[in-house]
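Trainee: Could we go through this one together, sheet and helices?
Mentor: Sure, ask away.

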Amino acid sequence: MSKTRPAPDRAGPSRPVTRPPARRRRRAISLLVILGLLATAGWFGARFLLDSVINPQCTITAGGMTETFDPEQAGNAALIAAVATKRDLPPRAATIALTTAIQESKIRNLRYGDRDSLGLFQQRPSQGWGTEEQILDPIHATNAFLDALVKYKGYETADITKIAQRVQKSGFPEAYRDHEGEGRVLASTLTGHSPAGLVCRLDAAKTHASPAAVAADLEKQMGVTTSTAGDGVLTVKAADVTTAWAVAHWAVARAEQYGATSVTIGERTWDRSAREPAWSPGADGKTVTITLS
């Protein structure tokens, strides 16, 4: 008779499978490390987005009013005020021009508009403001606006709506009045009559203009020629403190275009790297130093 081995008992109780305690601890620690790294990456990512998208802006303060603009708007506003300064026009002329530019284009050099309107002031080639190329040149556009403005006697004290409308012939003349406060704050600061009134919070410089190029723009826009271009530094000798502040504010407002890292007037400095931008304390002066990246 053959002998058979008994079949294994498959219906018996199963034995629980357990992992060694040390292995479980290692898995838990690894999971915590991964979660920590993800949280850190998310925090730095959020900070990067906040710093590089939300924060870049210029703050302008004068006469108890504060307004904010992005670097592109501030740079264009500085050019408009500089051209008015070069022409030795009163700050009121800059106020009217800036108020108009805010209403017409939000101080952006637009390549489009209603019908054939273009540029900072939405001027139309068909109405004699110049060719498309000329109107898209901010210096030409500003001079064309001011040429028309100064033809009207008493523009210095005229109502903003009436005088801007006479120059522009807008379809919405009453809208100019809504922006007069912004125009006045910009004009007072950018013409140098409100010292330390403009600061900008910017990302690290991406543009690297030469001191000679900045000096050429300063001469072309504001008419200031007493400057010395050195190794990454432009030094400007102004005729008076008001003009010096106009130059200093112009340099800060256009720091994004030129890659300026600091601007100093007398003993006071604006530093691009400061997280909370402000002019340092100290005495004003007539010498402005623009340091470029």
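**Strands and helix packing**

Mentor: Start at one pairing: β4 and β5 (residues 233-237) run antiparallel and are joined by three bridges. Helices (H or I, at least four residues) and strands (E, at least two) are DSSP runs, numbered from the N terminus, and two strands pair if DSSP finds at least two bridges between them. This is a predicted model, where local features need pLDDT of at least 70, side-chain atom pairs count only at pLDDT 80 or more, and totals for chains, interfaces and linings use all residues. Residues are numbered from 1 along each chain as its sequence is written, and side-chain values use heavy atoms, leaving out hydrogens and water.

Trainee: Which residue in β5 stands opposite S227?
Mentor: S227 falls in β4, which spans 227-229. Across from S227, in β5, is V236.

Trainee: What is the order of the strands in the open sheet?
Mentor: Five strands make up this sheet, with antiparallel pairing. The edges are β4 and β7 (268-271), each pairing on one side only. Reading across, the order is β4-β5-β8-β6-β7.

Trainee: At about what angle does helix α9 run to β6?
Mentor: Helix α9 (residues 241-253) lies across β5, β6 (260-265), β7 and β8. Angles run from 0 to 180 degrees between N-to-C directions, with axes as lines fitted to C-alpha atoms, for helices over the stretch in contact (heavy atoms within 4.5 Å). For α9 and β6 the angle is about 165°.

Trainee: How far apart are the axes of helix α5 and helix α6?
Mentor: Helix α5 (residues 138-149) packs on helix α6 (residues 160-168) at about 115°. F145, A148 and L149 in α5 meet I163, V167 and Q168 in α6. The axes are 9 Å apart.
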